Amino acid sequence: MSQISYLILMKKYIKYSAVILFALTLVSCNKNSFTISGTINNPGSLKKIVLIQQDAAGISIIDSANLSENGKFKFQYSTSYPNIYGLRVGGNLFEFIARNGESIDFSTSMTDNTHSYTISGSEDSEKIKEFNKINNLYVGRTNKIVNDYQIKAESLGNKAQDSLMSVYKPQFEQVFNEGSMAILKFVNENKKSLAGFYAATTLDSIKYEPQLIAYADLIKGADFKGNPFVQRFIKNKMAAKPASLGQKAPDFTVGGIDGKPVKLSNYKGKYLMLDFWASWCVPCRHENPNVVKQYAIFKPLGLNILGISLDNDKAAWQQAINNDKLSWQHGSDLKNFEGPTEQLYHIYQIPSNFIINPEGVIIAKNIFGADLEEFLNKTFNKPQ
């Protein structure tokens, strides 16, 4: 081979190697980031869209992009873990889930009043679109009930509000419960998807605590375990588990209103309702007459109540007991939500209650009003 031929061959090799190296660099970049690109049809005056990140720290803007003349845009971003993002397009937010290595395509039209969109390239993003369709259906139904109630309340005046509430509240609760069951079904069908996790976080954390604790147990080793929002959720539910339905009620000792210690173990072999409340808690004070009524009915059948106050002021606590005629035993750490008993039972809102059977097992939690009466009727009037 001549020297000239050799030089030509080397130049071709160097050029070819450079192309390969550049291609590998692109692949490497793609593996360490995701892209989302697409088209905003009929953008009108819209010139810019925004990329938003949702995580444990909250919602933050991470980038923005100008639309091209034909409504095209593109974002490239490196995420530390699979996460929920959003595109702010005008006044609308379109959520999607992304992980590094994905190339996601998106399109919508600014003239579409239903705000429909298409998305591909991310299975989780297609799932979250499915969830939002379910959620929006029930939100729309509950909003209609609320709007109808408000219109009638304004036209009939304050005197009719109680009668209207008796009509509209059951309707609202029915739709809310139907929506929650639809969300639970979605979560169960998408246990390994971040879309399933996102759906689970929209459920009432008190009413659906057993289901959420079971879900948290299930996703400990899921593919999105690096997400701090998921880890915080798991940690929170595991902390609540010892005082959840079906668990043995954790024992404690608390200072009584009379200055003597009160132990949970003193009620061993009896039905007991732990009632967490405070003199300054308006919903608690509204519920107290119902608790007094149920105690009068079911005390002869074996119901005991131990009130645990979150008051800091013993005098205010005592006065509320007297004013509301709470004739059962009372105790308090006098440390608001920071008391050891409150921490043990994972109390972060009041009123809260726990019903414990004679075996020391928590058989009901956070039931109030007519639900409390119904549960006690079933418990104490069941066939022997």
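L272 of strand β11 stands opposite N304 in β12. In this predicted model, that pair is part of a ladder of seven bridges between β11 (residues 271-277) and β12 (residues 303-309), and the two strands run parallel.

## The seven-stranded sheet

Both strands belong to an open sheet of seven strands, ordered β10-β9-β13-β12-β11-β14-β15, with mixed pairing. Its edges are β10 (261-263) and β15 (362-365), each of which pairs on one side only. Direction ignored, neighbouring strands of the sheet are turned against each other by 35 degrees on average. Helix α8 (residues 314-324) packs on this sheet and touches β9 (253-256), β11, β12 and β13 (329-332). The direction of α8 makes about 160 degrees with that of β13. Strands of a sheet pair through backbone hydrogen bonds, in a parallel or an antiparallel sense.

## Helix packing around α7

Helix α7 (residues 282-298) packs with α8 and also comes into contact with helix α10 (residues 369-380). The geometry of the two helix pairs is set out below.

| Helix pair | Angle between axes | Axis separation |
|---|---|---|
| α7 and α8 | about 50 degrees | 10 Å |
| α7 and α10 | roughly 15 degrees | within 10 Å |

How are α7 and α8 oriented to each other, roughly parallel or oblique? Their angle is about 50 degrees. Angles under 35 degrees count as roughly parallel, and 50 degrees also falls outside the ranges for roughly perpendicular and roughly antiparallel, so the pair is oblique. The crossing of α7 and α8 is right-handed. On the α7 side the contact is made by R285, N288 and V292, and on the α8 side by A320, N323 and D324.

For α7 and α10, the crossing angle is roughly 15 degrees. This value is under the 35 degree limit, so α7 is roughly parallel to α10. The crossing of α7 and α10 is right-handed. From α7 the contact involves E287, N290, K293, Q294 and F298, and from α10 it involves G369, L372, E373, L376, N377 and F380.

## The disulfide

How many disulfides does the structure hold? There is one. It links C281 and C284, with the sulfur atoms 2.3 Å apart. The angle about the S-S bond is 75 degrees, and the link of C281 and C284 is right-handed. C281 and C284 are both buried. In general, a disulfide is a covalent bond between the sulfur atoms of two cysteines.

## The β5-β6 hairpin

Strand β5 (residues 83-89) and strand β6 pair in the antiparallel sense over seven bridges. The two strands form a hairpin with two residues between them. V89 has N92 of β6 as its bridge partner. In the turn, G90 has a positive phi of about 65 degrees.

Why is β6 (residues 92-98) described as largely enclosed by the rest of the structure? Five of its seven residues are buried, so the strand is largely enclosed. Buried here means a relative accessible area under 20%.

## Loop residues

N42 lies in the loop between β1 (34-41) and β2 (48-55). Its relative accessible area is 46%, and N42 is therefore partly exposed, since a residue counts as exposed over 50% and as buried under 20%. Leaving aside neighbours within four places in sequence, N42 is in contact with S109, M110 and T111. For T111, the separation from N42 is 69 residues in sequence and 6.4 Å in space, C-alpha to C-alpha.

The loop between β13 and α9 holds L334 and N336. L334 has a phi near 55 degrees, a positive value in a residue other than glycine. N336 likewise has a positive phi near 55 degrees and is not glycine. L334 has a relative accessible area of 30% and is partly exposed. N336, with a relative accessible area of 23%, is partly exposed as well.

Which peptide bond is cis, with omega near 5 degrees? The bond from I350 to P351 has this geometry. P351 is found in the loop between α9 (340-344) and β14 (352-356).

Key: Residues numbered from 1 in each chain as written. Predicted model: local features only at pLDDT ≥ 70, side-chain atom pairs only at ≥ 80, totals over all residues. Heavy atoms only, no water. Pairing = 2+ DSSP bridges. Helix = DSSP H or I, 4+ residues; strand = E, 2+ residues; numbered from the N terminus. Axes fitted to C-alpha atoms, helices over the stretch in contact; angles between N-to-C directions. Contact = heavy atoms within 4.5 Å. Disulfide = S-S within 2.5 Å. Buried < 20%, exposed > 50% of the residue type's maximum accessible area, 1.4 Å probe, protein only. Parallel < 35°, antiparallel > 145°, perpendicular 65-115°, else oblique. Left-handed = near helix turned anticlockwise from the far one by under 90°.
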